[in-house]
Amino acid sequence: MLIVDGLAERWGALDPARNPDLQDPLASYRDGLFLVAELHGAVVGTGALRPEQPGVMRIVRMSVAKQLRGRGIGSSLLRALIASAGTEGAHTVVLETTEAWQDAVDFYHGKGFVDTHRQEGDLHMALSLLPATS
């Protein structure tokens, strides 16, 4: 599975207890959205969106096959997730990534996400979907 491969790439060994949503993704994301990008019948990217609280949606499980990164797959998935959050009435999209994963941090910063806080090695970020005021 692409997500597990990406986690193993970053962490080496995986702790299934930290990833219970992967045991049954259909049940875990029934109130949200789980997108899959395919190329020639193979899954090459994933991204999910789930409600966090009224007006706030959380992006999780963003992953792109290592050999295909930098080709716009992650950007396309992220745009679709953000658009879906807006359609669902969200005013804010949040996510977290491991603070040391500079490529991921740079990716989200480049898409307009701003840091909100750091906690236990994770960087929490947010993107406002409200129109800018001047």
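**Exercise 1. In what order do the elements of the protein run from the N terminus on?**

Solution. The model is a predicted one, in which local features need pLDDT of at least 70 and side-chain atom pairs count only at pLDDT 80 or more, while totals for chains, interfaces and linings use all residues. Residues are numbered from 1 along each chain as its sequence is written, and side-chain values use heavy atoms, with hydrogens and water left out.

Begin with the terms: helices (H or I, at least four residues) and strands (E, at least two) are DSSP runs numbered from the N terminus. Reading from that end, the order is α-α-β-β-β-α-β-α-β-β, and the protein comes to 4 helices and 6 strands.

**Exercise 2. Check the span of helix α3, and describe its surroundings.**

Solution. The expected span is 1.5 Å times one less than the number of residues. Helix α3 covers residues 73-87, which is 15 residues, so it should span 21 Å, and this agrees with the 21 Å between its end C-alpha atoms.

Next, consider burial, where buried means under 20% relative accessible area, exposed over 50%, and partly exposed in between (1.4 Å probe, protein chains only). The buried residues of α3 are I73, G74, S75, L77, L78, L81, I82, S84 and A85. The elements that cover these buried residues include the strands β1 (33-39), β2 (42-53), β3 (56-64), β4 (92-98) and β6 (122-128), together with helix α4 (102-110).

Finally, look past the helix: α3 is followed by G89, whose phi is positive, near 90 degrees.

**Exercise 3. Which residues form one aromatic cluster, and how are their rings arranged?**

Solution. Rings of Phe, Tyr and Trp (its six-membered ring) pair if their centres lie within 6.5 Å; planes under 30 degrees apart count as stacked, over 60 as edge-to-face and the rest as tilted. A search of the whole structure finds 3 aromatic pairs. One of them joins F107 and Y108, edge-to-face, at 5.1 Å centre to centre and with 70 degrees between the planes. Another joins Y108 and F113, which is also edge-to-face, at 5.8 Å and 75 degrees. F107, Y108 and F113 thus make up one aromatic cluster.

As a last step, compare the accessibility of these residues: F107 counts as partly exposed because its relative accessibility is 24%, whereas Y108 is buried at 8% and F113 is buried at 2%.

**Exercise 4. What percentage of the 134 residues in the protein is buried?**

Solution. Buried residues make up 40% of the 134 residues.

Definitions and conventions
Contact means heavy atoms within 4.5 Å.
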